[in-house]
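Colleague: Got a minute to go through a structure with me? I'd like to talk about the surface, then the inside, then the cysteines.

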Amino acid sequence: MYIRDKQVIGCLVVELISEAYRNLETETEDMVIVSEESYPIKVGVNRIWTKWDCRKNGIASKLLDCFR
């Protein structure tokens with residue numbers, strides 16, 4: 001969680017998983033195509049959230065960097 005002035009303004013939720021599928025490039029943004037081949041991994045990002053009036057301040061990037 002990212003906390004400022006005793007208020008949560010960002011949250012990153014991760015989960016333990018064993019495999020994932022890579023996103024492939026697409027021509028349109030309304031469709032996601034994934035690879036048929038799975039890749040072994042240890043953990044994945046389930047959700048990332050930033051309070052609406054605190055966006056564009058790099059909070060989500062800081063949470064992901066901390067997780068990495």
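Modeller: Sure, let's start with a term: a patch is made of residues with over 30% relative accessible area and no salt bridge, and nonpolar side chains are joined into one within 5 Å. Keep in mind that this is a predicted model.

Colleague: OK, so which residues form the nonpolar patch on the surface?

Modeller: Val14, Leu16, Val43, Val45, Ile48 and Phe67. Together they have about 500 Å² of accessible area.

Colleague: Which elements give two or more residues to that patch?

Modeller: Strands S2 and S5 do. The largest share is from S5, with three residues.

Colleague: Take Ile48 for me. Where is Ile48, and is it buried or partly exposed?

Modeller: Ile48 is in strand S5. Its relative accessibility is 40%, so Ile48 counts as partly exposed.

Colleague: Now the inside. Which residues make up the largest nonpolar core?

Modeller: There are five: Ile9, Leu12, Cys54, Ile59 and Leu63. Strand S2, residues 7–16, and helix H1, residues 59–67, each give two or more residues to this core. As a general point, nonpolar side chains tend to be buried together in soluble globular proteins.

Colleague: What is Leu63 in contact with, leaving aside its neighbours within four places in sequence?

Modeller: Met1, Tyr2, Gly10, Cys11 and Leu12.

Colleague: Changing topic: where does Lys51 sit, and is it buried or exposed?

Modeller: Lys51 is in the loop between strand S5, residues 43–50, and H1. It comes out at 19% relative accessibility, and the cut-off for buried is under 20%, so Lys51 counts as buried.

Colleague: And what does Lys51 touch, not counting residues up to four places away in sequence?

Modeller: Gln7 and Ile9. Ile9 is also one of the core residues.

Colleague: Last thing, the cysteines. How many disulfides does the structure hold?

Modeller: Zero. Cys11, for one, is in no disulfide, and the nearest cysteine sulfur to it belongs to Cys66, 12 Å away.

Colleague: Why is there no bond from Cys66 to Cys11?

Modeller: The two sulfurs are 12 Å apart, which is too far for a bond. A disulfide needs the sulfur atoms within 2.5 Å.

Colleague: Are those two cysteines exposed or partly exposed?

Modeller: Cys66 has 68% relative accessibility, so it counts as exposed. Cys11 is at 23%, so Cys11 counts as partly exposed.

How values were computed
Residues are numbered from 1 along each chain as its sequence is written. This is a predicted model: local features need pLDDT of at least 70, side-chain atom pairs count only at pLDDT 80 or more; totals for chains, interfaces and linings use all residues. Side-chain values use heavy atoms; hydrogens and water are left out. A nonpolar core is a set of buried Ala, Val, Leu, Ile, Met, Phe, Trp, Tyr and Cys residues joined through side-chain atoms within 4.5 Å. Buried means under 20% relative accessible area, exposed over 50%, partly exposed in between (1.4 Å probe, protein chains only). Helices (H or I, at least four residues) and strands (E, at least two) are DSSP runs, numbered from the N terminus. Contact means heavy atoms within 4.5 Å. Patches are made of residues with over 30% relative accessible area and no salt bridge: like charges are joined within 9 Å, nonpolar side chains (Val, Leu, Ile, Met, Phe, Trp, Tyr) within 5 Å. Accessible areas come from the Shrake-Rupley method with a 1.4 Å probe; for residues, only the protein chains shown count as cover. A salt bridge is a side-chain nitrogen of Lys or Arg within 4 Å of a carboxyl oxygen of Asp or Glu.
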